[in-house]
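Take a walk through this fold with the coordinates open. The route goes from sheets to a helix, then to the empty spaces.

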Amino acid sequence: MFRKLLYPAYESGLRRRRTLAWLDEYEQAQWLPPERIEALQWERLQRLLAHCYREVPYYRRRWRELGVTPEDIRSREDYARLPLLTKADIRANFEDLKAASLRGGLLFKATGGSTGEPLRFGYTRESNDRRTAVMWRGYGWAGSRMGRRTLHLWGGGVGHPSRAHQWKDHLYNAAFARQVLNSFQMTEANLGDYVAAMDRYRPEIIVAYVSPLVCLAQWMLQTGRRPAFRAQGIIAAAEPLHEFQRALLEQAFGCPVWNTYGCREFMLVASECERRTGLHVNIDHLLVEFVRPGSTSAHAAAGEAGEVVVTDLFNYGMPFIRYANGDMATPAETPCGCGRGLPTLARVEGRVLDAIRTPDGHILPGEFFPYMLKEVVGVQRFQLVQRRLDRLDLAIVRGPGFDDAALAFIRTEVARVLGDSVMLECRFVDDIPLTASGKLRVTVSELDRPADAAGTPP
């Protein structure tokens, strides 16, 4: 009733949003032959480029400096010669990246900074509704659908949301048959409470951060605790899912596990279908490139890791053209046998988010720090390192807007989650070094710990 009557009445009728129309469009497009989807993608890209040249000061100025117009971009090779867009570019040209005719109606979000660099960005209502539609399509491959009983093991809010905001969340979750368990409150002592809460709710689908759900699965297998429900599937998100982790989760919960890949700037980028042999890239919605490290235009071959570069084909309000999001991924060498025309990723090498542990048994997903620091103005880059059980070292590259209140907020939020069992040392630096592979490890635990919980294969 919710899926076929109540939600359409609310979304399409009351709110006058086209989410369900976009979902129908994407559901049909996924079965087109690959060459037809690529042609559709190219048509959409050409319209976007013409709009950017006409409406967006940053691109008009940048492309004129290069002597390029949209008419000059006649092939994908031509497109790959356009400059990459970085987080630094966005910060330095924030106003000039807005389309002149749409800037007054933009919505705004901040990234979680899972690559160590939080970012604020704008988007249009249509692009947001389309992203929601693409999410429902991808989650649907794992058996999730609107109104199906779903449990989210996810991060809780930071700060102090108003009572009205809390009621809004409560009503939203009730309508969608969702229950949210705050993974930021997980400790070694209360793992059984999380499983008991799952038993009471009896979810059909579980959507979860990888690390905390792996911690639960380990505890369940070690204690012989079996769930009192049988979920239809688990959707893993926010961190790369290793195959040994998938096997552990399936053993503990007795259901299949699906991998996904996304980022806050674009929501769902890729997800597994029922065959679970690779992650289908949503190329009817996005243009996703895999650029060889050290290059800006040479694409990685199938089976070769490349830097993820994304263009949202529908965010006309603040377009990101060839945006390098800081992740690495490997395109699959062979197509999926499911019949969809969407290409696949073999794996995602992106974000490394170690779990943080405390003397009183707290197990904090590394995702907490990018989730919390996205709310702090002026954090340009950060890295959290744990070298001792009772101490955390947070390095911050400051930008405009960072002040004493921002530092106090960080200390308050960490203390609210971890209490006084761990000391937080903050220091300000000019830069944070990358790993040998060119990545920034955002949260790093140097403690001896169970390998599975850290997200690193044993």
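Angles here run from 0 to 180 degrees between N-to-C directions, along axes fitted to C-alpha atoms. Keep that in mind for helix H13, residues 404-418. The model is a predicted one. Helix H13 lies across strand S17 (391-398) and strand S18, and its direction is at about 155 degrees to that of S18.

Strands S17 and S18 belong to an open sheet of four strands. Its order is S18-S17-S16-S19, and the pairing is mixed. At the edges sit S18 (423-428) and S19 (443-445), each pairing on one side only. On average, neighbouring strands of this sheet are turned by 15 degrees against each other, direction ignored. Look next at how S19 is attached. Strand S16, residues 379-388, runs parallel to S19, and three bridges join the two. In one of these contacts, Leu 384 has Thr 443 of S19 as its bridge partner. Strands of a sheet pair through backbone hydrogen bonds, either parallel or antiparallel.

Now turn to another sheet. Eleven strands form it, and it too is open, with mixed pairing. Read across, the order is S4-S3-S5-S6-S7-S8-S9-S13-S12-S11-S10. Strand S4 (178-182) and strand S10 are the edge strands, and each pairs on one side only. The average turn between neighbouring strands is 35 degrees here, direction ignored. Helix H11, residues 243-253, packs on this sheet. It touches S5 (205-209), S6 (233-237), S7 (257-263) and S8 (267-272). The direction of H11 makes about 130 degrees with that of S7.

Strand S13 (residues 344-348) shows antiparallel pairing with two partners, S12 and S9. Three bridges join S13 to S12, residues 323-331. There, Thr 330 stands opposite Arg 347. Two bridges link S13 with S9. Across that pair, Leu 279 faces Leu 345 of S13.

Does helix H8 stretch over the length expected, or depart from it? H8 covers residues 163-175, which is 13 residues. At 1.5 Å a residue they should span 18 Å, and the end C-alpha atoms are 18 Å apart, so the two values agree. After H8 comes Ala 177, with a positive phi near 55 degrees.

The empty spaces come last. Rolling a probe the size of a water molecule over the atoms shows where empty space is left. The second largest pocket holds about 650 Å³. Its lining counts 27 residues, and the closest to its centre are Glu 38, Ile 283, Val 288, Phe 290 and Pro 343. Which elements each supply at least two residues of this lining? They are helix H3 (34-55), helix H5 (76-79), strand S9 (279-281) and strand S10 (286-291). S10 gives the most, with four residues. S10 is also an edge strand of the eleven-strand sheet. By residue type, the pocket lining divides into 16 nonpolar, six polar and five charged.

How many cavities of 30 Å³ or more are there? The count comes to one. The largest cavity encloses about 50 Å³ of space. Tyr 58, Tyr 59, Arg 62, Trp 63, Pro 83, Leu 84, Leu 85 and Ile 321 line it. Seven of these lining residues are nonpolar, none is polar and one is charged.

Terms used
Residues are numbered from 1 along each chain as its sequence is written. This is a predicted model: local features need pLDDT of at least 70, side-chain atom pairs count only at pLDDT 80 or more; totals for chains, interfaces and linings use all residues. Side-chain values use heavy atoms; hydrogens and water are left out. Two strands pair if DSSP finds at least two bridges between them. Contact means heavy atoms within 4.5 Å. The expected span of a helix is 1.5 Å times one less than its number of residues. On a 1 Å grid over the protein atoms alone, a cavity is a set of points where a 1.4 Å probe fits but cannot get out, and a pocket is an open set with protein on both sides within 12 Å along at least five of seven lines; lining residues have an atom within 4 Å of a point. Grid points are joined across faces, edges and corners, and a volume is the space filled by probe spheres set on the points. Ala, Val, Leu, Ile, Met, Phe, Trp, Tyr, Cys and Pro count as nonpolar, Asp, Glu, Lys and Arg as charged, and the others, Gly among them, as polar.
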